[in-house]
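Please follow the account below with the sequence and the coordinates side by side, since it moves from individual strand partners outward to the chain as a whole.

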Amino acid sequence: MNAQDSIKLQTGDALIVVDMQNDFLPGGSLAVAYGDEVVPVLSRYIHAFKENGLPIFATRDWHPSNHCSFKAQGGPWPPHCIRSTKGAEFAAGLQLPEDAVIISKATSQEPDAYSGFDGTELHDRLQILGINRLFTGGLATDYCVLSTVKDALSLGYGVYLLEDAIRAVNVHPDDGKKAEEEMIRLGAKTIKVEHIA
Ligand SMILES: [Zn+2]
C-alpha cells in the first residue's frame with residue numbers, strides 16, 4: 001500500500017496491542033528506549049477500533065518468577081513481567097477498553113513465547129470472530145511484534161504494521177529496522193494512525 005492512502009476499518013479487522021507492559025517501558029526492568037512514546041499513539045488506534053465496534057486484543061508476558069528466559073535460569077533477559085506484579089501491568093496511559101481481550105503468554109516456567117500466538121488461544125479467538133486483518137503494534141519491534149506478525153502472516157491473516165506505534169530493543173543497532181524490513185518482505189503492510197479513515 002502507498003503510505004498516503006487511507007484505510008477504512010471494516011468488519012473482520014482487529015487490533016493487536018503487543019506487550020505494552022511497565023517492565024518494557026522506560027524505568028522498567030527490560031525497558032525499550034522510547035517505548036513510552038507509543039502509548040498515546042496506540043490509544044488513538046484503540047479509540048478508532050472502539051468507535052468502529054471492532055475487537056481489541058492486548059497480549060502480555062505473564063511469567064512465573066523462575067521463568068526460563070531470566071538470566072538466573074540461563075536465559076537472555078533480566079526478570080521481567082512477573083505475573084501479578086506492577087511490572088507486568090499494562091502501561092497506565094494505555095486506554096484499553098474493559099472489553100479488550102487479554103492474551104497471556106509464556107505463563108509457565110518454560111518455554112518462552114515471543115509471539116502472541118505461541119501457546120495461546122489468540123488464533124481461535126480471532127477465528128471465532130471472523131477476523132482476517134490484523135493491525136499490530138507495541139513492543140518490541142524486533143522480538144514480540146516481529147514474532148506475532150510472522151505467525152499472523154503464516155496463519156493467513158492480512159497484517160498492517162503500525163509503524164508509528166512500535167519501538168525496538170536494538171541489541172544490534174539495526175535490529176528494529178531489519179525486523180520491519182522482514183515483516184514487509186513477508187507481506188505486512190505499514191500504516192500510520194492518520195491514515196485510518
Ligand atoms: Zn518475557
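In this predicted model, Ile16 of β1 stands opposite Thr136 in β4, and this pair is a convenient place from which to read the sheet. Six bridges join β1 to β4, and the two strands run parallel. Asp13, at the beginning of strand β1 (residues 13-18), has Arg133 of β4 as its bridge partner. Strand β1 also pairs with strand β2 (residues 56-61), again in the parallel sense, over four bridges, and here Val18 stands opposite Thr59 of β2.

From β4 the pairing continues to another strand, for β4 (residues 133-139) and β5 pair in the parallel sense over six bridges. The bridge partner of Arg133 in β5 is Gly158, while Leu134 has Val159 of β5 as its bridge partner. Arg133 is thus a bridge partner both of Asp13 in β1 and of Gly158 in β5.

How far are these strands covered? In β1, six of the six residues are buried. In a regular strand the side chains alternate between the two faces of the sheet. For β1, Asp13, Leu15 and Val17 lie on one side and Ala14, Ile16 and Val18 on the other, and all of them are buried, which leaves both faces of the strand covered. Strand β4 gives a similar reading: seven of its seven residues are buried, so β4 is largely enclosed by the rest of the structure. Arg133, Phe135, Gly137 and Leu139 point one way from β4, whereas Leu134, Thr136 and Gly138 point the other way, and all are buried. In strand β5 (residues 158-167), seven of the ten residues are buried, so this strand too is largely enclosed by the rest of the structure.

Part of the surroundings of these strands is supplied by helix α3 (residues 141-154), which is mostly covered, with eleven of its 14 residues buried. An α-helix has 3.6 residues a turn, so residues three or four places apart point the same way. In α3 the buried residues include an unbroken run, Thr141, Asp142, Tyr143, Cys144, Val145, Leu146, Ser147, Thr148 and Val149, along with Ala152 and Leu153. The buried residues of α3 pack against β1, β3 (101-105), β4, β5 and α4 (175-185), a list that takes in the strands β1 and β4 described above. The helix is followed by Gly156, whose phi is positive, near 100°.

Two glycines elsewhere in the chain deserve a separate look. Gly176 has its place in helix α4, and with a relative accessible area of 5% it is buried. Leaving aside residues up to four places away in sequence, Gly176 touches Thr141, Asp142, Ala168 and Asn170; Thr141 and Asp142 are among the buried residues of α3. The C-alpha atoms of Gly176 and Val159 are 17 residues apart along the chain and are separated by 17 Å.

Gly87, by contrast, lies in the loop between β2 and β3. Is Gly87 buried or exposed, given its relative accessible area of 12%? Because buried means under 20% relative accessible area, Gly87 counts as buried. With residues up to four places away in sequence again left out, Gly87 touches Gln21, Asn22, Asp23 and Cys81. Between Gly87 and Leu54, which are 33 residues apart in sequence, the C-alpha to C-alpha separation is 28 Å.

These local features belong to a chain with four helices and six strands, which follow one another along the sequence in the pattern β-α-β-β-α-β-α-β-α-β. Contacts between residues 24 or more positions apart account for 75% of the contacts with a separation of 6 or more, and buried residues make up 52% of the 197 residues. A compact globule with 197 residues would have a radius of gyration near 16 Å, and the 16 Å of this chain agrees with that. Along its principal axes the C-alpha trace spans about 45 × 35 × 30 Å.

Turning to the surface, the accessible area of the chain comes to about 9100 Å², of which 48% belongs to carbon and sulfur atoms. There are 17 positive and 26 negative side chains, and the centres of the two sets lie 2 Å apart.

Key
Residues are numbered from 1 along each chain as its sequence is written. This is a predicted model: local features need pLDDT of at least 70, side-chain atom pairs count only at pLDDT 80 or more; totals for chains, interfaces and linings use all residues. Side-chain values use heavy atoms; hydrogens and water are left out. The radius of gyration is taken over C-alpha atoms; the globule rule is 2.2 Å times the number of residues to the power 0.38. Buried means under 20% relative accessible area, exposed over 50%, partly exposed in between (1.4 Å probe, protein chains only). Contact means heavy atoms within 4.5 Å. Accessible areas come from the Shrake-Rupley method with a 1.4 Å probe; for residues, only the protein chains shown count as cover. Lys and Arg count as positive and Asp and Glu as negative; His and the chain ends are not counted. The place of a charge is taken as NZ of Lys, CZ of Arg, CG of Asp or CD of Glu. Two strands pair if DSSP finds at least two bridges between them.
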